[in-house]
Amino acid sequence: ELRFEEGSIQYNFVTNDLARAAADPEIDWIIVAHPTQQYASTKNHPLFHPVGDWVETYHPLFEKYGVDLILQGNQHNYQRTYPIKYNSDDPDYPITTERNTEEYFHPQGQVFATVGTGGARLHSFEGKAPYIATKYTGYGILNLSIINGDDEAAKTGVTTLMAQFYGNDGRIRDNFTIE
């Protein structure tokens, strides 16, 4: 088992990698991929680690180094949070920083997207966590694009991350942008 707590090889690797990315002026976006969901409406599938331990260890690092998006799996459905910040009083319930469901302009906190829709048996939902912006039970794929924008945006260095989740029926089931 790979240890993930503070001071572990994994923790030190993540910390050093995020610090390098945050300090590099050529890097506009920091996206983290993690194999298991940590914030979600579904708890019907066992996690590799207790949610609180992982969240207490890594979510503060994501805030410190300006992570924009966390892609998670292991739950066989699609879920996306609003921008959320770590809640030290109750780590299982992050602080939602805004409630817009589609457009985020320099949001405080991170967006967590669970994309476990690649073909395994799907997991249904039992309710919706208050920090979840949208959810979908069905197969599909999340498409991410980075757009430089118009001439004015190019001058200021502003870029936009555009995300669209397509169901296997070809319909867009979720659409969001982070600027």
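## Contacts of Gln-79

Contact here means heavy atoms within 4.5 Å. In this predicted model, and leaving aside its neighbours within four places in sequence, Gln-79 is in contact with Ala-40, Ser-41, Thr-42, Phe-112, Ala-113, Thr-114, Phe-125, Ile-132, Thr-134 and Lys-135. Gln-79 itself belongs to strand S3, which covers residues 78-81.

Is Gln-79 buried or exposed? Its relative accessibility is 0%, so Gln-79 counts as buried. The side chain of Gln-79 also makes a polar contact of 3.0 Å with the side chain of Asn-77.

## Confidence and overall layout

The average pLDDT of the chain is 88, and 88% of the residues score at least 70. In residues 45-50 the pLDDT is below 50; this stretch has 10 contacts in the model beyond near neighbours in sequence.

The chain contains 3 helices and 11 strands. Along the sequence they follow the pattern α-β-α-β-β-β-β-β-β-β-β-α-β-β. The chain has 179 residues, of which 46% count as buried. Among the contacts in the chain with a separation of 6 or more, 67% come from residues 24 or more positions apart.

## Helix H1

Helix H1 consists of 15 residues, numbers 9-23. From its first C-alpha to its last H1 reaches 21 Å, close to the 21 Å expected at 1.5 Å a residue.

Which residues of H1 are buried? They are Tyr-11, Val-14, Thr-15, Leu-18 and Ala-21. Viewed down the axis of H1, these buried residues fall within an arc of 135°, so they line one face of the helix. Ile-9, Arg-20 and Ala-23 are exposed on the other side of H1.

## Nonpolar cores

The largest nonpolar core has 22 residues, and those with the most contacts inside it are Leu-18, Tyr-58 and Phe-62. H1 and helix H2 (51-64) are the elements that give two or more residues to this core. H2 gives the most, with 5 residues. Leu-18, one of the buried residues of H1, is thus also among the residues with the most contacts inside the largest core.

Not counting residues up to four places away in sequence, Tyr-58 touches Phe-4, Gln-10, Tyr-11 and Val-14. Of these, Tyr-11 and Val-14 are among the buried residues of H1. Apart from the largest core lies another, of 15 residues, including Ala-113, Ala-133, Leu-142 and Phe-176. Ala-113 is also one of the contacts of Gln-79.

## The loop between S2 and S3

His-76 is placed in the loop between strand S2 (69-72) and S3. A polar atom of the His-76 side chain lies 2.9 Å from the backbone oxygen of Arg-121. Leaving aside its neighbours within four places in sequence, His-76 is in contact with Gly-116, Ala-120, Arg-121, Leu-122 and His-123. Arg-121 therefore appears both in this contact list and in the 2.9 Å pair.

Asn-74 is also in the loop between S2 and S3. Asn-74 has a relative accessible area of 18% and is buried, because the cut-off for buried is under 20%.

## Positive phi values

Most residues other than glycine have a negative phi. Phi of Asn-74 is positive, near 80°. Phi of His-106 is positive too, near 50°.

Where is His-106 found? His-106 is in the loop between strand S6 (103-104) and strand S7 (111-115). Its relative accessible area is 55%, so His-106 is exposed, whereas Asn-74 is buried.

## Ile-172 in strand S11

Strand S11 covers residues 172-178 and includes Ile-172. At 44% relative accessibility, Ile-172 counts as partly exposed, since that class lies between the 20% limit for buried and the 50% limit for exposed.

Leaving aside its neighbours within four places in sequence, Ile-172 is in contact with Gln-164, Phe-165 and Tyr-166. The C-alpha atoms of Ile-172 and Ile-141 are separated by 9.8 Å, and the two residues are 31 residues apart along the chain.

Conventions:
Residues numbered from 1 in each chain as written. Heavy atoms only, no water. pLDDT = per-residue confidence, 0-100. Helix = DSSP H or I, 4+ residues; strand = E, 2+ residues; numbered from the N terminus. Expected span 1.5 Å × (residues − 1). Buried < 20%, exposed > 50% of the residue type's maximum accessible area, 1.4 Å probe, protein only. Arc of directions from axis to C-beta. Polar contact = N/O pair within 3.5 Å; in protein donor to acceptor, adjacent residues only side chain to side chain. Core = buried A, V, L, I, M, F, W, Y, C linked by side-chain atoms within 4.5 Å.
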